Amino acid sequence: MSKKALKIGHRGAKNHVAENTLASIEKALEFKVDAIEIDVHKCASGELVVFHDFTLDRMTNGSGEVSKHTLKQLKNLKVNDQYEIPTLEDVLNIIDKKCMLNIELKGRDTAFTTCKIVSEYIKTKQWDLNHFLISSFQHQELEAVYNYNNQLRLGVLTKASVSDAIEFAKTINAFSIHPNVALVTKDNVSLAQNKGYKVLTWTVNDQPTIKRMKAYGVDGIISDNPDLI
Ligand code: G3P
Ligand code: MG
């Protein structure tokens, strides 16, 4: 029998409400997810904003790089004509420990500010270390988090190789490996788990693949349709 996999909303509940918005996070919470994955970038005034792309064009009425805009400028834009771009703190305040938060660092110097914010929520708002999972494709960013506080849970993202991700995971004492669904096999799930890592796969949106991932024994499924898990 397959074991229970964590139900993780991708960018909130991306297929239900515009990705990485507070409304999308709220929708994922309605689906009683175990965790929510979001993406963060650093903007020109130094704050972390929750947004996937490096540029504003696809999702907003603005254009150009996120990192070249101040928070004030970004807050004046609309996502899908309707929603504000949230900051990391906006998301933390909505989640308020109702589930775990997987913060994906999109890089260009997001690690330090993320660590500061996470540490503050742990210190002053009774969040726990295991409410957080910080993941990235960028090894430098993960190393920066590890050097800041080696107790923070880290996830190594990969769309290239599970075994390479495992090799790197050792160096930062990672909690989990996050392979693209196309890479996942029963064997590499076992390989990662035997070395002590959880396996959280993305982005798994249809029932047959969800079923297959569960049969392979993954620990978590990151989905645009978390209601299906
Ligand atoms: O964290 C899983 C997944 O979100 C990684 O890829 O491009 O959707 O951020 P992407
Ligand atoms: Mg992501």
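**Helix packing, a ligand shell and two backbone oddities**

Author: In this predicted model, helix α1 (residues 22–30) packs with helix α3 (residues 88–95) at an angle of about 25°, and their axes are 10 Å apart.

Reader: Why are α1 and α3 called roughly parallel?

Author: Their angle is about 25°. Angles under 35 degrees count as roughly parallel. Therefore α1 and α3 are roughly parallel to each other. Their crossing is right-handed.

Reader: What makes the contact?

Author: Leu22, Ile25 and Glu26 of α1 meet Asp90, Val91, Ile94 and Ile95 of α3. By class, the contact of α1 with α3 has 5 nonpolar, no polar and 2 charged residues.

Reader: Why are α4 and α5 called oblique?

Author: Helix α4 (residues 111–124) and helix α5 (residues 139–148) pack at an angle of about 40°. Roughly parallel needs an angle under 35 degrees, and roughly perpendicular runs from 65 to 115. The angle of α4 and α5 fits neither class, so the pair is oblique. Their axes are 9 Å apart. The crossing of α4 and α5 is right-handed.

Reader: Which residues make the contact of α4 with α5?

Author: Ala111, Phe112 and Cys115 come from α4, and Glu141, Ala144, Val145 and Tyr148 from α5. This contact divides into 6 nonpolar, no polar and 1 charged residues.

Reader: Which residues are around ligand 1?

Author: The shell is His10, Glu37, Asp39, His52, Glu104, Ser135, Leu157, His178, Trp202 and Ile222. Each has its C-beta atom, placed from the backbone, within 6 Å of the ligand.

Reader: How does the shell around ligand 1 divide by class?

Author: There are 3 nonpolar, 4 polar and 3 charged residues. Leu157, Trp202 and Ile222 count as nonpolar, and Glu37, Asp39 and Glu104 as charged.

Reader: What is the peptide bond from tryptophan 202 to threonine 203, cis or trans?

Author: That bond is cis, with omega near -25°. Most peptide bonds are trans. Threonine 203 sits in the loop between β8 (198–201) and α8 (207–216).

Reader: What is the phi of arginine 11?

Author: Phi is near 50°, a positive value in a residue other than glycine. Most residues other than glycine have a negative phi. Arginine 11 lies in the loop between β1 (6–10) and α1.

Reader: Where does UniProt place the feature "domain: GP-PDE"?

Author: The unreviewed UniProt entry places it at residues 5–229. Over residues 5–229 the chain is 33% helix and 20% strand. The end C-alpha atoms of that stretch are 8 Å apart.

Key:
Residues numbered from 1 in each chain as written. Chains lettered and ligands numbered in written order. Predicted model: local features only at pLDDT ≥ 70, side-chain atom pairs only at ≥ 80, totals over all residues. UniProt positions renumbered as here; feature names shortened; annotations may be inferred. Helix = DSSP H or I, 4+ residues; strand = E, 2+ residues; numbered from the N terminus. Axes fitted to C-alpha atoms, helices over the stretch in contact; angles between N-to-C directions. Parallel < 35°, antiparallel > 145°, perpendicular 65-115°, else oblique. Left-handed = near helix turned anticlockwise from the far one by under 90°. Contact = placed C-beta atoms within 7 Å.
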